[in-house]
Amino acid sequence: MTSPRAAVSWRPLDQADLPAITELAQACLSADGGQPFAASPAFLSQCYLSGARARAGWVAGQLICVSSLRQPSAATPAAAAVTTGLVHPDWRRQGVGGHAFDWAAGQAGPGGLRAETEALSDGAHALYLSRGLTQVLAEDVMQLAGAAPSPGPAPAGLALSHWGQSDPARFYAVYAAAFRDRPGFPGWPQEKWIEWISDDEDFRPQWSLLATIDGTDAGFIVGDAAGWITQLGVVPAARGAGLGGRMIAEVAGLMRAAGETTITLNVGTDNPHAIALYRRLGFTRTGRRAKYQS
């Protein structure tokens with residue numbers, strides 16, 4: 001009997017294939033959930049066309065599988081190569097995804113391989129583990145589709161100021177205090193974190209707030225275009241007082257007033273307290289993003 005994989009014709013990708021890649025990503029996002037931008041042409045072009053090597057599987061003119069590999073830069077030659085891929089829901093569990101992954105893994109350099117996905121499926125998770133990779137990051141994608149939440153009374157002495165009214169260095173100090181006890185904290189210096197947060201056309205300073213209680217900086221939230229909450233943090237001494245919910249409610253209200261219909265954030269699957277907070281505020285899980293390392 002002929003393997004279904006034998007019906008697949010494989011070739012490299014080029015820019016003319018972007019509409020087909022987008023259609024494939026939309027089918028995967030509908031089936032798996034995940035980051036809303038995971039099916040955007042700009043994101044897909046970055047993953048599969050801009051400086052990446054990519055291999056695509058076609059059946060009767062339809063793109064049913066794609067796998068990309070991005071080698072480390074000359075400045076970090078010992079770093080891991082990065083792969084990502086998509087398999088159409090109708091073609092899963094037939095060996096197509098494994099074949100595509102093995103193509104990428106066979107070209108990884110001495111630094112090994114890291115697999116990344118913004119829309120994790122059960123099959124992809126099983127595939128990566130079967131190839132000897134270890135999951136090093138798992139975040140739930142959560143969305144708020146209804147009205148802005150009502151978090152209850154604000155903490156006494158609370159004052160909120162947006163990015164620009166308050167020095168970005170104060171945001172960084174709160175970020176470091178809030179996240180340094182979390183697994184995987186990168187320990188970025190102030191300059192690098194501020195650039196990562198704000199040097200982007202999607203960054204919205206009016207949706208990025210610093211929370212101060214009785215004159216002491218206690219929390220922060222950063223918002224981006226399309227109703228995206230990039231980061232939220234509360235220093236340990238201020239936790240449990242409703243500050244996180246208050247900041248989300250404030251920013252959600254601003255986003256709604258600007259016409260955003262869906263508000264999205266990511267939360268680590270190893271952070272049950274934050275997950276519980278978001279659920280109380282009306283967020284629901286819509287998918288998962290993850291990274292795996294060889």
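## Thr-117 in strand S5

Thr-117 is buried in this predicted model, with a relative accessibility of 11%. The residue belongs to strand S5, which covers residues 113–117. Setting aside residues up to four places away in sequence, Thr-117 touches Thr-84, Arg-289 and Ala-290.

Thr-117 also has a polar partner: a polar atom of its side chain lies 3.1 Å from the backbone nitrogen of Ala-119.

## The twelve-stranded sheet

Strand S5 takes its place in an open sheet of twelve strands. If you would like to trace the sheet from one edge to the other, the order is S1-S2-S3-S4-S5-S12-S6-S11-S10-S9-S8-S7, with mixed pairing. The edges are strand S1 (9–12) and strand S7 (158–162); each has a single partner strand, so one side of each is left without a neighbour in the sheet. On average, neighbouring strands are turned by 25° against each other, direction ignored.

One pairing to look at is that of strand S6 (residues 134–144) with strand S12 (residues 284–293). These two strands run antiparallel and are joined by nine bridges. Gln-135, for example, has Tyr-292 in S12 as its bridge partner.

## Ala-211 in strand S8

Now to another strand of the sheet. Ala-211 is found in strand S8 and is buried, with a relative accessible area of 0%. Its contacts, leaving aside neighbours within four places in sequence, include Leu-158, Ala-159 and Leu-160. Thr-216, Asp-217, Ala-218 and Gly-219 are also among them, as are Leu-243 and Met-247.

For a sense of distance, pick Gly-85: from Ala-211 it is 126 residues away in sequence, and the C-alpha atoms of the two residues are 40 Å apart in space.

## Helix H5 over the strands, and against H6

Helix H5 (residues 168–179) lies across S7, strand S8 (203–213), strand S9 (216–224) and strand S10 (228–234). Relative to S9, the helix runs at about 100°.

How do H5 and another helix meet? Two packed helices are described by the angle between their axes and the distance between the axes. For H5 and helix H6 (residues 190–198), the axes come within 10 Å and cross at roughly 105°. That makes H5 roughly perpendicular to H6. On the H5 side, Pro-168, Ala-169, Phe-171, Tyr-172 and Tyr-175 take part, meeting Gln-190, Trp-193 and Ile-194 in H6.

Tyr-172, placed in helix H5, deserves a look of its own. Is Tyr-172 buried or exposed? At 15% relative accessibility, Tyr-172 counts as buried. Residues up to four places away aside, Tyr-172 touches Trp-188, Pro-189, Gln-190 and Trp-193. With Pro-189, the separation along the chain is 17 residues, while the C-alpha atoms are 8.9 Å apart.

## Cysteines without disulfides

How many disulfides does the model contain? The count comes to zero. Cys-47 is in no disulfide, and the nearest cysteine sulfur, that of Cys-28, is 12 Å away. Cys-47 is buried, at a relative accessible area of 16%.

Why is Cys-65 without a bond to Cys-28? The closest cysteine sulfur to that of Cys-65 is in Cys-28, and at 9.0 Å it is too far for a bond, because a disulfide needs the two sulfur atoms within 2.5 Å. Cys-65 is buried as well, with a relative accessible area of 1%.

Conventions: Residues numbered from 1 in each chain as written. Predicted model: local features only at pLDDT ≥ 70, side-chain atom pairs only at ≥ 80, totals over all residues. Heavy atoms only, no water. Buried < 20%, exposed > 50% of the residue type's maximum accessible area, 1.4 Å probe, protein only. Pairing = 2+ DSSP bridges. Helix = DSSP H or I, 4+ residues; strand = E, 2+ residues; numbered from the N terminus. Axes fitted to C-alpha atoms, helices over the stretch in contact; angles between N-to-C directions. Contact = heavy atoms within 4.5 Å. Polar contact = N/O pair within 3.5 Å; in protein donor to acceptor, adjacent residues only side chain to side chain. Parallel < 35°, antiparallel > 145°, perpendicular 65-115°, else oblique.
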